[in-house]
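Reader: Could you walk me through this model and tell me where the terms come from?

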Amino acid sequence: MESKLSIIKQYLSDAMSYSDYKNLVKQLLDEGKATGHNQSEMYLNYSKLGFSRMKRWEKTFKLDQEQIQAIKSVSTPQTWLVISEGWCGDAAPALPIMKKIAEINENIDFKVILRDDFPEVIETFLTNGGKSIPKLISFNLEKEALYFTWGPRPSTATQMVEDEKKKEGQLSAEFKEKLQYWYNTDKGKTTASDLIDLLKSTA
């Protein structure tokens, strides 16, 4: 744990606020670019789609009163550092939900860092050996505490992906459309529930 926290300490000052991240993605799109090291037409199109979806999730996602009270009840100061990229299809619905949770509790300091610009961070927090994003890390450096990690997908979507990989060996374009449909019909409920359960575990 100590080595993981030392990596966070090394790069935390390079992290951005959510609004700075969003502005960076938009600025790069205006220049015909994506975040990260892959500047192909495909990744640019993914970024355009992701930015549009992120704005839509900001407008449509709502927490209920029970969730709001659960979030407010946590008094443990913590930083939420999420590793992301503008082109990531799973980041677009997740980050606005994380941001709304963090806004409700002043004990949560929400930051974003780009995966490709700071590879040591994602290499410290791999998912099943892969650099999957988004990856959320909750910690308190003063207490030298690493509370939890989450990502890259909510629990139901994670199971869908695992089942598809076992069945087909890879994720087809058709499956990715199915996954986006699931995100839209779930309306962020599973992501919020996963995150709030983890947050409550830090209380």
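Author: Gladly; here is a short talk about the sheet, the rings and the empty spaces. This is a predicted model, in which local features need pLDDT of at least 70 and side-chain atom pairs count only at pLDDT 80 or more, while totals for chains, interfaces and linings use all residues. Residues are numbered from 1 along each chain as its sequence is written, and side-chain values use heavy atoms, with hydrogens and water left out.

Reader: What makes E1 and E2 a pair?

Author: Two strands (DSSP runs of E, at least two residues) pair if DSSP finds at least two bridges between them. Strand E1, residues 78-84, and E2 have 7 bridges in the parallel sense, so they meet the definition. Ser84 stands opposite Leu114 in E2.

Reader: Why is one side of E2 and of E4 left without a neighbour in the sheet?

Author: The open sheet has 4 strands in the order E2-E1-E3-E4, with mixed pairing. Strand E2 (108-114) and strand E4 (145-150) stand at the edges with a single partner strand each, so one side of each stays free of a neighbour in the sheet.

Reader: Which residues do ring pairs link into a cluster?

Author: Tyr43, Tyr46 and Trp87. Rings of Phe, Tyr and Trp (its six-membered ring) pair if their centres lie within 6.5 Å; planes under 30 degrees apart count as stacked, over 60 as edge-to-face and the rest as tilted. The structure holds 6 aromatic pairs.

Reader: How do you know that there is a cavity of 30 Å³ or more?

Author: On a 1 Å grid over the protein atoms alone, a cavity is a set of points where a 1.4 Å probe fits but cannot get out; a pocket is an open set with protein on both sides within 12 Å along at least five of seven lines, and lining residues have an atom within 4 Å of a point. The search finds 1 such cavity, and the largest cavity has a volume of about 50 Å³. Its lining includes Tyr21, Phe51, Ser84 and Leu95.

Reader: What is the volume of the largest pocket, and which residues are closest to its centre?

Author: The largest pocket has a volume of about 920 Å³. Of its 29 lining residues, Gly89, Asp90, Arg153, Leu171 and Lys176 are the closest to the centre. H8 gives the most to this lining, with 6 residues. The second largest pocket has a volume of about 160 Å³, and Arg56, Trp57 and Lys189 are among the residues lining it.

Terms used. Points joined across faces, edges and corners; volume = space filled by probe spheres on them.
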